[in-house]
Amino acid sequence: MGMAQYQGKKVSLNSPRRIRQGEPGYGRKKSVVYVQTDNGRVKKVMFGDPNMTIKKDQPGRRANFRARHNCDNPGPKTKARYWSCKAW
């Protein structure tokens, strides 16, 4: 886990965290993570529904979510699907 600059502030890369009240995106998305793209730029990825709880301890729900979102092939780290699948 490295550190980088994003819009003038120091952020940790590849470390998902909850969006706090007062932050941009609060109420619209649940989590945020900063990732570095292939060309070296830092990108902010927001993901998750703030009004839903993750019930990954229930095998049926976990299997359904992973099948619905194609989590066997989650894609690049710069997409929300990658981080959502990693949370499940």
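**Note on the predicted model: pocket, sheet and helices**

1. The largest pocket has a volume of about 510 Å³, a value computed, like every other one in this note, on a predicted model. Its lining is made up of 22 residues, and those that lie nearest the centre of the pocket are Asp49, Ile54, Phe65, Ser84 and Trp88. Two elements, α1 and α2, each give two or more residues to this lining, and α2 gives the most, with 5 residues. By residue class, the lining of the largest pocket divides into 8 nonpolar, 6 polar and 8 charged residues.

2. Ser84, one of the residues nearest the centre of the largest pocket, belongs to helix α2, which covers residues 80–87. Is Ser84 buried or exposed? Ser84 is buried, because its relative accessible area is 18% and the cut-off for a buried residue is under 20%. Leaving aside residues up to four places away in sequence, Ser84 touches Phe47 and Phe65; of this pair, Phe65 is itself among the residues nearest the centre of the pocket.

3. The strands β3, β4 and β5 form an open sheet, in the order β3-β4-β5 and with antiparallel pairing. β3 and β5 stand at the edges and have a single partner strand each, so one side of each is left without a neighbour in the sheet. Helix α2 packs on this sheet, where it touches β4 and β5, and its direction makes about 55 degrees with that of β5.

4. Strand β4 (31–36) deserves a closer look, together with its two pairings. On one side, β3 and β4 run antiparallel and are joined by 2 bridges, with Arg17 standing opposite Val32 of β4. On the other, β4 pairs with strand β5 (residues 42–47), again in the antiparallel sense, over 6 bridges; among the partners in β5, Met46 is matched with Val32 and Val42 with Gln36. Why is β4 described as largely enclosed by the rest of the structure? The reason is that 5 of its 6 residues are buried.

5. Two loop regions may be read alongside these strands. The hairpin of β4 and β5 has 5 residues between the strands, and within this hairpin Gly40 takes a positive phi near 100 degrees. The loop between β3 (17–18) and β4 holds Glu23, which counts as buried because its relative accessibility is 18%. Which residues does Glu23 touch, if those up to four places away in sequence are not counted? They are Arg17 and Arg18, and Arg17 is the residue already named as standing opposite Val32 in β4.

6. Helix α1, which spans residues 59–68, is hardly covered, since the count of buried residues among its 10 residues is 1. This helix nevertheless gives two or more residues to the lining of the largest pocket. Just after α1, Asn70 takes a positive phi of about 55 degrees.

Terms used. Residues numbered from 1 in each chain as written. Predicted model: local features only at pLDDT ≥ 70, side-chain atom pairs only at ≥ 80, totals over all residues. Heavy atoms only, no water. Helix = DSSP H or I, 4+ residues; strand = E, 2+ residues; numbered from the N terminus. Buried < 20%, exposed > 50% of the residue type's maximum accessible area, 1.4 Å probe, protein only. Contact = heavy atoms within 4.5 Å. Pairing = 2+ DSSP bridges. 1 Å grid on protein atoms, 1.4 Å probe; cavity = no way out; pocket = protein on both sides within 12 Å on 5 of 7 lines; lining within 4 Å. Points joined across faces, edges and corners; volume = space filled by probe spheres on them. Nonpolar A, V, L, I, M, F, W, Y, C, P; charged D, E, K, R; others polar. Axes fitted to C-alpha atoms, helices over the stretch in contact; angles between N-to-C directions.
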